[in-house]
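Please open the model in a viewer and keep the sequence panel visible. The tour below proceeds by selection, one stop after another.

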Amino acid sequence: MVKINLALQGGGAHGAFTWGVLDRLLEEDDIEIAAITGTSAGALNGAALKSGWLVDGRQGARDNLDWLWAQVARLDDLAVPKWMQAWLPTPGAISKSMELSPIYMLGDTLGRMMSPYAWGPLYENPLEKIVAQFDFGRVCAMEGPKLYVCATNVRDGKVRVFEGTTISTQSILASACLPTLFQAVEVKDPQTGETEAFWDGGYTGNPALFPLFHGGLPDDVVIVNINPMVRDSVPVMPNEIQNRINEISFNSSLLRELRAIEFVQRLITQGAVKDGAMKNMRVHMIADDDLMNDLSVATKMVPVPSVIAELKAAGRRAAGGFLARHKADLGTRQSADLVKMFG
C-alpha cells in the first residue's frame, strides 16, 4: 500500500476535472489517501471525498463526489440551453458560445460594475445550499484522510488553513468566495480566534502545500492542476485578459511553494542540510492544459452539465495516463520535473 497526499486546486466548475481524477484514483486499492489540501472547488471535492469515505470507503467517496457534482450541475440557470448543447458538442465550443452570448456578457459586465453588497436582501450564495448538506461530523472527523481548507483573510491578506473542527459550511464557502461575485464570508479565524472576513483561498494558496509538511504524513503529494500554467496565445479581448490575470495570480502561490520545495531538494542533494532535518517532498502533477486552454472563464462560472461530464471524463483519462506512466514512482521518486519548471 502506497500512501499519498492530494493537493486540489480551485477553478470553479472546472473542478469537475478533479472529480474525474479522484474517481479514477479511488479505483486503485493499493493507493491510500492520507491527507487532502484544497481550495475553492478543491475544498468541496476534498470534503465530499472524506465524508463519503467514512460512510463506505472508496465507493462511498466516489458516490459522494457524484452527488456533489450532480448538485453543482443544477446551478445552471444561465447555462447554454439543452437544445443548443446538441449543436455544440465540444466543451470548447460551448465555452466560446457562452462567452459571446448577450446574457453572459451582460452578467459579466454587471459583475464588474456592481458590488455583491448592492443586492441587499436579494443576495444569495448559490453554493451555500449545497455545502450546508455536508455531514460535518464526518468532514471534521479525526478518522479518514486529513483535510485542510484554504482561504484568504481579507484584513491582513494572509492564507488561513482550516482543519479539524474549524472546518464548517462557512469556512468552505470562504475558500470559494470570489469577491467580485460573493460577499466576504465571516468565520472564526483559526489563528487569531477572532471573527474575520475571508475571500477565495486561491489568492494565497491554490492550494497551500505547507500543511502537508507534517512529519506524520507521507512524502508524496499529487497536485491536481486545473488552471493552465501555460497559454501560448496572448489574450487580447477584455474577458480573456481578465481570465489570464486570474490564472496567473491563482497559480503564483502554488509556484512559490513548488520553488521552495525544489530549493530544499537541492539542499538535500548537495548535503547542505542533515538528512531528515527538512521534509523531502516528492511532487507529482495531473493536469490537462490542452483542454483547459480550450475553455474559458465562462464555463468556470456557469456549470453546464455537458461540460461537467466532459471534464469528469477528461479527469479520469488524465489520472489513468498518470497511473500508467508513474504509479511505480509513487513512494519512490518524484515524477514532476521541478528543475525544468523553474529553469
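Begin by selecting Val 221 and Val 283: Val 283, in strand 8, is the bridge partner of Val 221. Strands, like helices, are DSSP runs numbered from the N terminus (helices are H or I, at least four residues; strands are E, at least two). The model is a predicted one, in which local features need pLDDT of at least 70 and side-chain atom pairs count only at pLDDT 80 or more, while totals for chains, interfaces and linings use all residues. Residues are numbered from 1 along each chain as its sequence is written, and side-chain values use heavy atoms, with hydrogens and water left out.

**The strand pair and its helix**

Extend the selection to strand 7 (residues 220-224) and strand 8; the two run parallel and are joined by five bridges. Two strands pair if DSSP finds at least two bridges between them. Strand 8 covers residues 282-286, and four of its five residues are buried. Here buried means under 20% relative accessible area, exposed over 50%, and partly exposed in between (1.4 Å probe, protein chains only).

Add helix 9: with strand 7 and strand 8 it makes a right-handed β-α-β unit. A crossover is right-handed if, with the strands pointing away from the viewer, the path from the first strand over the helix to the second runs clockwise.

Within helix 9 (residues 238-269), select Asn 251. Is Asn 251 buried or exposed? Asn 251 counts as buried because its relative accessibility is 3%. Its contacts (heavy atoms within 4.5 Å) include Gln 9, Asn 225 and Met 229, once neighbours within four places in sequence are left aside.

**Helix 1**

Next, select Leu 22 in helix 1 (residues 16-25). With a relative accessible area of 1%, Leu 22 is buried. Beyond residues up to four places away in sequence, Leu 22 touches Leu 6, Leu 8, Asn 45, Leu 49 and Leu 65. Display Lys 312 as well: its C-alpha is 9.4 Å from that of Leu 22, although 290 residues separate the two in sequence.

**Salt bridges**

A salt bridge is a side-chain nitrogen of Lys or Arg within 4 Å of a carboxyl oxygen of Asp or Glu. By this rule there are 20 salt bridges.

Select Lys 327 and Asp 30, which form a salt bridge with their closest N and O atoms 2.9 Å apart. The pair links distant parts of the chain, 297 residues apart: Lys 327 is in the loop between helix 12 (305-326) and helix 13 (338-342), and Asp 30 is in the loop between helix 1 and strand 2 (31-39).

Move to Glu 196 and Arg 155, a salt bridge whose closest N and O atoms are 2.8 Å apart. Glu 196 lies in strand 6 (residues 195-200), and Arg 155 in the loop between strand 3 (146-153) and strand 4 (159-163). Glu 196 is buried at 9% relative accessibility, whereas Arg 155 is exposed at 58%.

Then select Arg 160 and Asp 156, whose salt bridge has its closest N and O atoms 2.6 Å apart. Arg 160 counts as buried at 2% relative accessibility, and Asp 156 is partly exposed at 28%.

**The whole chain**

Finally, display the entire protein chain, which has 13 helices and eight strands. Of its 343 residues, 52% count as buried.
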